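Trainee: Please choose one part of this model and go through it closely, keeping its surroundings in view. I would like the cut-offs stated along the way.

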Amino acid sequence: MIKQLIVTAFISLGVLYANAQQDNPFGEIPDHTPMMNDTWETINKLMYKVTYKDNQTVYTPHFPDELKAIDKKTVTLPGYLVPMTGGRDHETFMLSVLPIMQCMFCGQGDVPPMVEIFMKKGKKIRFTEEPIKIKGTVRLNANTQEGNSEIQILDAEAI
């Protein structure tokens, strides 16, 4: 009798584990539209060189060759607008693969890729929680004193 209970327990646990491994076992709708594409995958290759100076840790961006290859190139990126200032309309903002309402620092792997967007002169984009698509020129920014992000999109337009 005990053997049967143990076998039944292992089978039950196996079924539960197998169901947990399915992509979407209960037919739930994801809480965001996946935004990753080849350009985002390239952006995600950004790395940092860690050094120490005067008892402080210094993180210097390192751009692998694949990332350098898109510098000064025009790209199209889908994503979610993450404002850096208050207000409805934005000339400069961050673009993320995750919506602002979803925690970007939840401890699930790495921080998702984000880029700093500078809209074309005179252009603004209204805040929305829906995905947007931006087209502009990549700028790799090794000196974050010249903006907030190591990867920027300049002269951007909403498409």
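Mentor: Contact means heavy atoms within 4.5 Å, and among the contacts in the protein with a separation of 6 or more, 60% come from residues 24 or more positions apart. The model is predicted, with local features needing pLDDT of at least 70 and side-chain atom pairs counting only at pLDDT 80 or more, while totals for chains, interfaces and linings use all residues. Residues are numbered from 1 along each chain as its sequence is written, and side-chain values use heavy atoms, without hydrogens and water.

The part I would look at is strand β1, with what surrounds it. Helices (H or I, at least four residues) and strands (E, at least two) are DSSP runs numbered from the N terminus; the protein has three helices and nine strands, in the order α-α-β-β-α-β-β-β-β-β-β-β from the N terminus on. Strand β1 covers residues 47-53 and runs antiparallel to strand β2 (residues 56-62), to which seven bridges join it; strands pair if DSSP finds at least two bridges between them. Within this pairing, Y48 of β1 has P61 in β2 as its bridge partner. The hairpin of the two strands has two residues between them, and D54 takes a positive phi near 50° there.

On the surface, Y48, V50, Y52 and Y59 form a nonpolar patch whose accessible area (Shrake-Rupley method, 1.4 Å probe) is about 500 Å² together. Such a patch joins nonpolar side chains within 5 Å, each with over 30% relative accessible area and no salt bridge, whereas like charges are joined within 9 Å. Strand β1 gives the most to the patch, with three residues. Y48 has 40% relative accessibility and counts as partly exposed, the class between buried (under 20%) and exposed (over 50%). For the protein as a whole, about 11100 Å² is exposed, and carbon and sulfur atoms supply 54% of that area.

Just before the strand, charge comes into play. A salt bridge is a side-chain nitrogen of Lys or Arg within 4 Å of a carboxyl oxygen of Asp or Glu, and K45 forms one with E66, with the closest N and O atoms 3.8 Å apart. Because K45 lies in the loop between α2 (38-43) and β1, and E66 in helix α3 (residues 65-68), this pair ties together parts that are 21 residues apart in sequence. K45 is partly exposed at 34% relative accessibility, and E66 is partly exposed at 44%. By this rule there are five salt bridges, including one between R126 and D89 (2.9 Å, N to O). Since R126 lies in strand β7 (residues 125-126) and D89 in strand β4 (residues 89-90), that pair links parts 37 residues apart in sequence.

Turning inward, 30% of the 159 residues count as buried. The largest nonpolar core (buried Ala, Val, Leu, Ile, Met, Phe, Trp, Tyr and Cys joined through side-chain atoms within 4.5 Å) has 26 residues, of which F93, L95, V115, I117, I134, I151 and I153 touch the most other members. The elements that each supply at least two residues of this core are α2, β3 (74-83), β5 (92-96), β6 (114-119), β8 (132-140) and β9 (151-158). One of the core residues, I151, leads back towards our starting point: leaving aside neighbours within four places in sequence, its contacts include I43, L46, F63 and L67.

Notes: Buried means under 20% relative accessible area, exposed over 50%, partly exposed in between (1.4 Å probe, protein chains only).
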